[in-house]
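This report looks at the surroundings of the ligands, one after the other. Please keep the sequence and the structure in view while reading.

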Amino acid sequence: MTKQLTIALSKGRIFEETLPLLSAAGIEAAENPEESRKLIIGTNHDNIRLVIVRATDVPTYVQYGAADFGIAGKDVLIEHGGDGLYQPLDLKIAKCRMMVAVRKGFDYAAAVKPGSRLRVASKYPNIAAEHFASKGVHIDLIKLYGSMELAPLVGLSDAIVDLVSTGNTLKANNLEAVEHIADISSRLVVNKAALKLKYDTIQPIIDVFAEATAQSAS
Ligand code: ATP
Ligand code: PRP
C-alpha cells in the first residue's frame, strides 16, 4: 500500500518558491492557498497532501509528526531550536539577512559598549538575546509579532532584530541596518521517524529537491 505523505508549507513566498521544487518532483498542488480557505490541499498524487500553516509553525507540525516534512526559514528554525528535526537541505529560497537596525542618526556604537543596556524589539527573542549576550550587552527584550520597523520610530525600542532583503522597508521608515547577525534561507525539515518509516517515498523527493536546488544555483 502507498504511504500517505503530508507536507507542511506556509502561504506566500515559501509556497511560491517551493512550487518549482514540487513540480520537479512531479507534485502539483490542486489549489492555490492564496485563493482558497482550505488548510489541507490535495495534489495530483492521491497519497500526497499539503498542509498550510503559519511560517513559524512549520517546525512544530514536523517535530510532532503531523507533517512528514516541511519547508521553514532558517530564522524560524534557529528560534524554534530544531528539536527532533532532520535538516538535510538548504533550498536556497526566500533568501534574506537577519540584521540589527536602528533609527538613522542613533549612535549605535555608543549604545552597545559592553555593560550598556539597550531596548530591543523583535519577533526573534532567542536570536536577539544570544546576539547581544555574545557582545556583553544587556538588553530589555520586547517581543513583537510583526511590523518591527515601527518600534524605534515610536520610542518602543532603541533597536530591532529583523529580516532584511532589499532594504526597502528600512529605508521607507528612516532606519538603517547596523549589524549583520546571519544569512537566512529556507531549509527542508524532515521528521526523523517519518524518514525511517517512509524512506522509499521521502528520500527520492529529497534527492530531486537537492538536484533542482543545485541546478538553480549553478
Ligand atoms: P508568520 O506568518 O509566522 O508571522 P511570516 O509572516 O514571517 O510568518 P513570511 O513573510 O511568509 O512569513 O516569511 C516566511 C519566511 O521567508 C521567513 O521565515 C524568512 O525565512 C523568509 N523571509 C521573510 N521575509 C523575507 C524577505 N523580505 N525576503 C526574503 N525572504 C524573507
Ligand atoms: C519581512 C521583514 C521585513 C521585510 C524586509 O517582512 O519582516 O519587514 O520583509 O524586506 P525588505 O528588506 O525587502 O524590505 P514581510 O514582507 O514578510 O512582512 P510581514 O513580516 O508583515 O509578513
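How many Å lie between an oxygen atom of ligand 1 and an N or O atom in the side chain of Arg54? In this predicted model, the two atoms are 2.7 Å apart, the one being an oxygen of ligand 1 and the other belonging to the Arg54 side chain.

## Contacts of ligand 1

The contact with Arg54 has counterparts at two other residues. The side chain of Lys123 places an N or O atom 2.7 Å from an oxygen atom of ligand 1, and a polar atom in the side chain of Arg13 is found 2.8 Å from an oxygen atom of ligand 1. The protein buries 77% of the 620 Å² that ligand 1 exposes when it is taken alone.

Arg13, Arg54 and Lys123 also belong, together with Thr56 and Asp75, to the residues that come nearest to ligand 1, out of 16 residues around it.

## The setting of ligand 1

Ligand 1 sits in the largest pocket. Two elements, helix H1 (13–24) and helix H3 (74–80), are those that give two or more residues to the shell around ligand 1. Sorted by character, the residues of this shell comprise 7 nonpolar, 3 polar and 6 charged ones.

The shell around ligand 1 also draws on two domains, since at least three of its residues come from domain 1 (5–94 + 185–217) and at least three from domain 2 (96–184).

## Contacts of ligand 2

The residues that surround ligand 2 are Arg13, Glu149, Asp162, Leu163, Val164, Ser165, Thr166, Gly167, Asn168 and Thr169. Glu149 has a side-chain N or O atom 2.7 Å from an oxygen atom of ligand 2, while a polar atom in the side chain of Asp162 lies 3.2 Å from an oxygen atom of this ligand. At Gly167 the contact is made by the backbone, where a polar atom is 2.7 Å from an oxygen atom of ligand 2. Taken alone, ligand 2 exposes 500 Å², of which the protein buries 61%.

## The setting of ligand 2

The largest pocket is the space that ligand 2 takes. Strand S9 (159–164) and helix H7 (168–172) are the elements that give two or more residues to the shell around ligand 2, and S9 gives the most, with 3 residues. By character, the residues of the shell around ligand 2 divide into 2 nonpolar, 5 polar and 3 charged.

Definitions and conventions
Residues numbered from 1 in each chain as written. Chains lettered and ligands numbered in written order. Predicted model: local features only at pLDDT ≥ 70, side-chain atom pairs only at ≥ 80, totals over all residues. Heavy atoms only, no water. Near = heavy atom within 4 Å. Polar contact = N/O pair within 3.5 Å; in protein donor to acceptor, adjacent residues only side chain to side chain. Areas by Shrake-Rupley, 256 points an atom, 1.4 Å probe, with all protein chains shown as cover. 1 Å grid on protein atoms, 1.4 Å probe; cavity = no way out; pocket = protein on both sides within 12 Å on 5 of 7 lines; lining within 4 Å. Sits in = over half its atoms within 2 Å of the grid points. Helix = DSSP H or I, 4+ residues; strand = E, 2+ residues; numbered from the N terminus. Nonpolar A, V, L, I, M, F, W, Y, C, P; charged D, E, K, R; others polar. Domains from an automatic or database assignment.
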